[in-house]
Amino acid sequence: MNAEQWNARYPIGTRVMAYPSGWPEDPLAAVYQKSAEAGRLFGDWDTDPCQRLDTVTRSVAWTIGHGAPVVLVEGETGGIVLDQVAPFLAGGDVRG
């Protein structure tokens, strides 16, 4: 979905589940989870790649220089790529 399509569907303040470092199903996230569960985190993990934010949007979406559409959400300072933001549906489920 591009920024214009997002903005037509989702106004500022839309409740979303945001994955700032990527989806939990990502291979890197899976390695992190297994290592954390075993107490063996390696390297310099600054952030949890499995982080999920139940939050709201705080800007319209826009396209950054290399072409990725992003949006700002409460709890994060930078834009998150729209592919890593899932709006909640009316019943409280997350659109996947």
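How many bridges join S1 to S6? Select both strands in this predicted model: S1 covers residues 15–18 and S6 covers 85–87. There are 3 bridges between S1 and S6, and the two strands run antiparallel. To see one residue pair, pick Ala18, whose bridge partner in S6 is Val85.

Next, add S2, residues 53–56. S2 pairs with S1 over 4 bridges, again in the antiparallel sense. Pick Arg15 here; its bridge partner in S2 is Val56.

Now show the three strands together. They form an open sheet in the order S2-S1-S6, with antiparallel pairing. S2 and S6 are the edge strands, each pairing on one side only. From one strand to the next, the twist averages 35°.

Stay on S2 and turn on its side chains. In a regular strand, side chains alternate between the two faces of the sheet. Along S2, Leu53 and Thr55 point to one face and are buried. Asp54 and Val56 point to the other face and are not buried. Val56 is also the residue bridged to Arg15.

Last, move to strand S3, residues 62–63, and select Thr63. Is Thr63 buried or exposed? Thr63 counts as partly exposed because its relative accessible area is 42%, which falls between the 20% limit for buried and the 50% limit for exposed. Leaving out residues up to four places away in sequence, Thr63 touches Ala3, Ala68 and Pro69. Then select Asn2: Thr63 and Asn2 are 61 residues apart in sequence, and their C-alpha atoms are 7.9 Å apart in space.

Key
Residues are numbered from 1 along each chain as its sequence is written. This is a predicted model: local features need pLDDT of at least 70, side-chain atom pairs count only at pLDDT 80 or more; totals for chains, interfaces and linings use all residues. Side-chain values use heavy atoms; hydrogens and water are left out. Buried means under 20% relative accessible area, exposed over 50%, partly exposed in between (1.4 Å probe, protein chains only). Contact means heavy atoms within 4.5 Å. Two strands pair if DSSP finds at least two bridges between them. Axes are lines fitted to C-alpha atoms, for helices over the stretch in contact, and angles run from 0 to 180 degrees between N-to-C directions.
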